Amino acid sequence: MTDKTKDETRGEAPEAGRPTWAEVDLDALAANFHAVRRRVGAGVRVMAVVKADAYGHGAVECARRLAREGAEWFGVATVEEGSELRRAGVREPVLCFGGFWGGEQAALCVRENLTPAVYRLDMAETLERVARDAGTVADAHVKIDTGMGRLGVRHEEAAEFARALRAFQSVRVEGLMTHFAVADDPDRDCFTQDQVVRFREAVRLFRERGHAPSIEHMANSAAAFAHPETRGQMVRPGGVLYGLWRDVLPASLGDPGLRPVMSLRTRVVLVKRVQSGETLGYGCTFVAARDTLVATVPVGYHDGYTRALSNRGRVVVRGRFAPVVARVSMDLTLLDVTDVPGVRVGDVVTLLGEDGALAVPAEDLARTAATISYEITCGVSRRVPRRYVEGR
């Protein structure tokens, strides 16, 4: 274990402060990256997506480890996220999926060698101006909307857009990209194939009009695993890097051998007995059906332990599952530990992740909360310190 992480072992809270923390297993992250690499094969570059603070895992630490493992590119949502990586010493190419907002951000892209997605002509004009003033040529990836309906040049307008871009001498179309809407749904494969056809036609139109993109990329996590024909020169895995796959990949693929990266843990701060018939929490939504031993833990919805788990979630303590009772509040949550022998103040409670032979996967929490696993990990707030574990 490295010096940096020697005090970051499972079950150990921060030395000072509230005993609630998230463990991020960088070795699991690395293993997942190599699983993706094996899946897509030689000759396909891997852009590791670390947007949204690496899906809540910590973009800087995750990017540093992924760079050591051989990630060729990094994907972020915003210029600010890209700039954070640069300040942390990440030198690999960084693509800003959302492009930039205004001349100041365009200048930051040029200055820090961040590659923006471009999908409006006025963006290209702004990038042209700041690149020309800086005496350089700025690379951009043009995003084509083939059916997602969010950002991107409409595929029917690709020819006109490609022609207009030829007027800009200080902007180079390094890449063309699109994004799939239902690559995780085998019942909608026809829609995915329609997107592929539209994208390839857009690529043809750009090349016919004098552009020479060196990178064509379509595949997100689901497409990289389920649709080999979409891999192109580069894939953009996101959730699978962090071991989130059960609600991302088609079930027909089976277990891809990915490991969960994040665990969320806390400690018991109070144990008390309540009598049968007593109510607990806001709204008195829990009524004890028996004399009950209740443990209070210092974690709540501001930390990302969503209120939707009220009276529905479960945790692991002392090798047993224990149900969440009453409403999850902003800073505190109550557990029924009546059936867990020997619970006492200071015991570690696992709200997300593995603990011995038991586990609470993000996908299970997501199913209970009627959301997706990405929202579970992204929702773990900055109030919760991250403890990075590797080499153990």
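**Exercise 1. The closed space**

Which residues line the largest cavity? Work it out on this predicted model, and sort the lining by class.

*Solution.* Start with the count: there is one cavity of 30 Å³ or more in the structure. Next, its volume: the largest cavity comes to about 50 Å³. Now pick out the wall. L264, G304, Y305, T306, L309, L352, L365, I376 and V380 make up the lining. Last, sort them: seven are nonpolar, two are polar and none is charged.

**Exercise 2. Two open pockets**

Describe the largest pocket and then the second largest one, giving the volume, the central residues and the classes of the lining for each.

*Solution.* Take the largest pocket to begin with.

- Volume: about 640 Å³.
- Lining: 28 residues, with K51, R150, H179, N220 and Y374 lying nearest the centre.
- Elements giving two or more residues to this lining: helix 2 (51-55) and helix 9 (221-226).
- Classes: 16 nonpolar, six polar and six charged residues.

Then move on to the second largest pocket.

- Volume: about 260 Å³.
- Lining: 16 residues, and D25, P260, S263, E354 and R392 are the closest to the centre.
- Elements giving two or more residues here: strand 1 (20-25), strand 11 (262-267) and strand 19 (348-355).
- Classes: six nonpolar, three polar and seven charged.

**Exercise 3. Looking for disulfides**

How many disulfides does the structure hold? Check C62 and C109 by hand.

*Solution.* Recall what you're hunting for: a disulfide is a covalent bond between the sulfur atoms of two cysteines. The cut-off to apply is a sulfur pair within 2.5 Å.

Step one is C62. The closest cysteine sulfur belongs to C378, and at 12 Å that's too far for a bond. C62 is also buried, because its relative accessibility is 0%.

Step two is C109. Here the closest cysteine sulfur sits in C96, 4.8 Å away, so this pair is too far apart for a bond as well. C109 counts as buried too, with 1% relative accessibility.

The tally for the whole structure is zero disulfides.

**Exercise 4. Helix 3 and F74**

Which residues of helix 3 are buried, and which residues is F74 in contact with beyond its neighbours within four places in sequence?

*Solution.* Helix 3 runs over residues 59-69, and its buried residues are A59, V60, E61, C62, A63, R65 and L66. Straight after the helix comes G70, with a positive phi near 110 degrees.

Now go to F74, which is part of strand 3 (residues 73-76). F74 counts as buried because its relative accessibility is 0%. Setting aside neighbours within four places, its contacts are M47, A48, V50, A63, L66, A67, L85, V90, E92, P93, V94 and L95. Two of these, A63 and L66, are on the list of buried helix 3 residues.

For a residue further off, try H302: it's 228 residues from F74 along the chain, and their C-alpha atoms are 29 Å apart.

**Exercise 5. How confident is the predictor?**

What is the mean pLDDT of the chain, and where does pLDDT stay under 50?

*Solution.* Read the overall value before the local one. The chain has a mean pLDDT of 95, and 96% of its residues reach 70 or more. Then look at residues 1-11: pLDDT stays under 50 there, and the model has 29 contacts beyond four places in sequence for this stretch.

Definitions and conventions
Residues are numbered from 1 along each chain as its sequence is written. This is a predicted model: local features need pLDDT of at least 70, side-chain atom pairs count only at pLDDT 80 or more; totals for chains, interfaces and linings use all residues. Side-chain values use heavy atoms; hydrogens and water are left out. On a 1 Å grid over the protein atoms alone, a cavity is a set of points where a 1.4 Å probe fits but cannot get out, and a pocket is an open set with protein on both sides within 12 Å along at least five of seven lines; lining residues have an atom within 4 Å of a point. Grid points are joined across faces, edges and corners, and a volume is the space filled by probe spheres set on the points. Ala, Val, Leu, Ile, Met, Phe, Trp, Tyr, Cys and Pro count as nonpolar, Asp, Glu, Lys and Arg as charged, and the others, Gly among them, as polar. Helices (H or I, at least four residues) and strands (E, at least two) are DSSP runs, numbered from the N terminus. Buried means under 20% relative accessible area, exposed over 50%, partly exposed in between (1.4 Å probe, protein chains only). pLDDT is the predictor's confidence in each residue, from 0 to 100. Contact means heavy atoms within 4.5 Å.
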